[in-house]
Amino acid sequence: MKSVVVTGVSTGIGWSITKVLIQNGFRVFGSVRKTGDAERLKADFGELFIPLLFDITDEPKVQAAAKQVRDGLKGETLFGLVNNAGIAVPAPLMHLSTEDFRYQMEVNLTGALVVTKAFLPLLGCDRSLHGTPGRIINIGSTSGRKGNPFIGAYAASKHALGGLSESLRRELMLYGIDVIIVAPGAVATPIWDKGENVELSAYENTNYGEAARRVQEIMVRDGRKGLPPQKVAEVTLNALTTPRPRVRYAVIPGNFFNRLGRFIQSILPKRMLDRIIARKLGLVK
C-alpha cells in the first residue's frame, strides 16, 4: 500500500489533503499536536489514517514519529511527504518583535527542514528499503513570490521555503527524490474567522493603525471568497502521482478577472505597483 506523511492535518488544507489521499487509496500518516485531534481524525478517516503526535519544531518527537512510520512501512519506501504545517504572524515589520519573526521562520522554514530530514531515509535515501523513491511536496504560498504589507515575516518564510526547495530538489536527484512546491493563493478555511478577531490595538497609536485595519478587512474578505481547500488537495494529489510533475504549482482562482489581475501585476513596473498598493491601504496619499 502506498503511504504518505502529511503534517498539520487537524483542519483546513491538511485535513482536505488527507481526505483526498485516503479517498484515492493511500494510507496517510498525519501529524497533529493534540491527542483529541488524533482521536477525532481517526474516527473521521478510519484505518487508513494513522495519527502522528508531534510539533514540527520538536526534533526529537519528529524523529520518534519517523521511527513509527518506518515500523509501519515494513521495509518499503514512503511514497510521499507533504510539508503542510505552518503559521502566519501578521504585523508591520517595524513593530514585529524579533522573537515573533524568529518563531515565524522556525515553524514555516526550520520546521519543514526538520521534518524533511527525519523522513528522507524513508523516501529513498536509505537504499536498503524496497520501492521507488518518494516525492516531497512543500505547501508554499503565492506570497512566496511577492511581499505585501503586514505579512512580511510570512512572505519571507515562503520565499525562503521556495529557495530551500530548489536547492533540495537538485541535491536529491542523487537519490531520485523529487521536490515540488504547491503554492495556494487565498483558501477558504476557518483561519479567516481567527483573522477577523486578530487584535490590532498594538498598532492603534502608530502610523500604521488605519492601514492595519484596511489590510485585515481585505484579507478576511478575500480569504473567505478563496478557493476551497479541496482544490489544493487535488493539486497535491496530482503533484504526487503524475509521471512528469512541474516543479511548482500555483493554486489560484482561474476566472478571467483573476487571470487579468495577475497579468497586469506581472507587467507593471514594481515602483508603480508599490504606489497602487500603498494608496489602497492609505500608506501614501
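What follows is a conversation about a predicted model of a protein, moving from its overall build to its inner spaces and its surface.

Visitor: How many helices and strands are there in the protein?
Guide: The model is a predicted one, and its C-alpha atoms fill a box of roughly 65 × 40 × 30 Å along the principal axes. Within the protein, the elements come to 10 helices and 7 strands.

Visitor: What radius of gyration does the protein have, and what would a compact globule have?
Guide: The chain holds 285 residues, and for that number a compact globule would have a radius of gyration near 19 Å. The value for the protein agrees with this expectation, because it is 20 Å.

Visitor: Which element supplies the largest share of the lining of the second largest pocket?
Guide: This pocket has a volume of about 190 Å³, and 15 residues line it, with R145, G162, G163, I181 and R248 lying nearest its centre. Two elements, β6 (178–184) and α5 (152–171), each give at least two residues to that lining. The largest share, 7 residues, comes from α5.

Visitor: How many residues of the lining of the second largest pocket are nonpolar, polar and charged?
Guide: The lining is made up of 15 residues, which can be sorted by the character of their side chains. Sorted in this way, the lining of the second largest pocket divides into 3 nonpolar, 7 polar and 5 charged.

Visitor: Which elements give two or more residues to the lining of the largest cavity?
Guide: Rolling a probe the size of a water molecule over the atoms shows where empty space is left. A search of the whole structure finds 1 cavity of 30 Å³ or more, and about 60 Å³ of space lies in the largest cavity. Among the residues that line the largest cavity are N108, A112, K158 and L161. The elements that give two or more residues to this lining are α4 (98–125) and α5.

Visitor: What separates R40 and D37, whose side chains meet in a salt bridge, along helix α2?
Guide: The whole structure contains 8 salt bridges, and in one of them the side chains of R40 and D37 meet at 3.0 Å, N to O. Both residues belong to helix α2 (residues 35–45), and because they are 3 residues apart there, the separation is about one helical turn.

Visitor: Which residues form a nonpolar patch on the surface?
Guide: One member of the patch, F263, lies in helix α9, which covers residues 256–267. Together the members have about 290 Å² of accessible area, and they are F263, I264 and I267.

Methods. Residues numbered from 1 in each chain as written. Predicted model: local features only at pLDDT ≥ 70, side-chain atom pairs only at ≥ 80, totals over all residues. Heavy atoms only, no water. 1 Å grid on protein atoms, 1.4 Å probe; cavity = no way out; pocket = protein on both sides within 12 Å on 5 of 7 lines; lining within 4 Å. Points joined across faces, edges and corners; volume = space filled by probe spheres on them. Helix = DSSP H or I, 4+ residues; strand = E, 2+ residues; numbered from the N terminus. Nonpolar A, V, L, I, M, F, W, Y, C, P; charged D, E, K, R; others polar. Patch = residues over 30% accessible without salt bridge, like charges linked within 9 Å, V, L, I, M, F, W, Y side chains within 5 Å. Areas by Shrake-Rupley, 256 points an atom, 1.4 Å probe, with all protein chains shown as cover. Salt bridge = Lys/Arg side-chain N within 4 Å of Asp/Glu carboxyl O. Rg over C-alpha atoms; globule rule 2.2 N^0.38 Å.
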